[in-house]
Amino acid sequence: QVHLVESGGGLVQPGGSLGLSCAVSGSIISINDMGWYRQAPGKQREMVATLTSGGRTNYAESAKGRFTISRDNAKNTMYLQMNNLQPEDTAAYYCNALITTAWGMTTNAWGQGTQVTVSS
């Protein structure tokens, strides 16, 4: 079994910054592609940024130039640095990872989410 735990959400004023973390634990052989997604009230979950095991990144248009995704493979942890946050960035942020487990299975795992609220 694998677990993804996000941290770092909170309340920030417009123009401010927040950093999110996603720690992966469990019986893991390898962590492949990872990503951050978000879901605002009444809206569908959308991709924010993804990062392959090879280091290739992909950002939503709304995130380009403001957000940076990274990972520390030694710590099984992924990060999302968010700068110049705006009210429209308010959402629950979820981490996602494609994981090969110790049983040889590949699972698409999600964290429980962390709330980011941008408001003055």
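**Close-up views of a predicted model**

**View 1. Gln44 and its contacts.** Setting aside neighbours within four places in sequence, Gln44 touches two residues in this predicted model, Arg38 and Gln39. Look for Gln44 in the loop between β4 and β5 (46–51). Is this residue buried or exposed? Gln44 is exposed, with a relative accessible area of 72%. For a sense of distance, compare the position of Glu61, which is 17 residues away from Gln44 along the chain: the two C-alpha atoms are separated by 16 Å.

**View 2. The disulfide of Cys22 and Cys95.** The structure holds one disulfide, and here Cys22 and Cys95 are joined with their sulfur atoms 2.1 Å apart. The link of Cys22 and Cys95 is right-handed, with 55° about the S-S bond. Cys22 belongs to strand β3 (residues 18–26) and Cys95 to strand β9 (residues 91–101), so the bond ties together parts that are 73 residues apart in sequence. Both cysteines are worth a look for their surroundings too: Cys22 is buried, and so is Cys95.

**View 3. Arg38 meets Asp89.** Side chains of opposite charge can pair when their charged atoms come close. The structure holds four salt bridges, and in this view Arg38 and Asp89 form one of them, at 2.9 Å from N to O. What does this pair tie together? Arg38 sits in strand β4 (residues 28–39), while Asp89 is found in the loop between β8 (77–82) and β9, so the salt bridge connects parts that are 51 residues apart in sequence. Both Arg38 and Asp89 are buried.

**View 4. Arg66 and Asp89, with the wider network.** Asp89 appears again here, this time in a salt bridge with Arg66 whose closest N and O atoms are 2.7 Å apart. Arg66 lies in the loop between β6 (57–59) and β7 (67–72), and Asp89 in the loop between β8 and β9, so this pair ties together parts that are 23 residues apart in sequence. Which residues make up the network of salt bridges? Arg38, Glu46, Arg66 and Asp89 are linked in it.

**View 5. The surroundings of Arg66.** Staying with Arg66 in the loop between β6 and β7, we can now look at its other partners. Arg66 is buried, with a relative accessible area of 16%. Its side chain reaches the backbone oxygen of Ser62 at 2.7 Å, and the side chain of Arg66 also reaches the backbone oxygen of Asn84, at 2.9 Å. Leaving out neighbours within four places in sequence, Arg66 is in contact with Gln81, Met82, Asn83, Asn84, Leu85, Gln86 and Asp89.

**View 6. Lys64 and Glu61.** A salt bridge joins Lys64 to Glu61, with 2.7 Å between the closest N and O atoms. How exposed are the two partners? Lys64 is partly exposed, with a relative accessible area of 45%, whereas Glu61 is exposed, with a relative accessible area of 63%.

**View 7. The four-stranded sheet.** Strands of a sheet pair through backbone hydrogen bonds, either parallel or antiparallel. In this open sheet of four strands the order is β1-β3-β8-β7, and the pairing is antiparallel. β1 (2–7) and β7 stand at the edges, each with a single partner strand, so one side of each is left without a neighbour in the sheet. From one strand to the next, the twist averages 15°. Zooming in on β7 and β8, you will find six bridges joining these antiparallel strands. To pick out one partner pair, start at Ser70 and cross to Tyr79 in β8.

**View 8. The hairpin of β9 and β10.** β9 and strand β10 (residues 106–110) pair in the antiparallel sense over five bridges. A handy landmark is Leu98, whose bridge partner in β10 is Asn108. How many residues lie between the two strands of this hairpin? There are four residues between β9 and β10, and Gly104 in the turn has a positive phi of about 80°. While you are here, recall that β9 also holds Cys95, one of the two partners in the disulfide of View 2.

Methods
Residues are numbered from 1 along each chain as its sequence is written. This is a predicted model: local features need pLDDT of at least 70, side-chain atom pairs count only at pLDDT 80 or more; totals for chains, interfaces and linings use all residues. Side-chain values use heavy atoms; hydrogens and water are left out. A disulfide is a pair of cysteine sulfur atoms within 2.5 Å. Buried means under 20% relative accessible area, exposed over 50%, partly exposed in between (1.4 Å probe, protein chains only). A salt bridge is a side-chain nitrogen of Lys or Arg within 4 Å of a carboxyl oxygen of Asp or Glu. Two strands pair if DSSP finds at least two bridges between them. Axes are lines fitted to C-alpha atoms, for helices over the stretch in contact, and angles run from 0 to 180 degrees between N-to-C directions. A polar contact is a pair of N or O atoms within 3.5 Å; within protein, one must be able to donate a hydrogen and the other to accept it, and residues adjacent in sequence count only if both atoms are side-chain atoms. Contact means heavy atoms within 4.5 Å.
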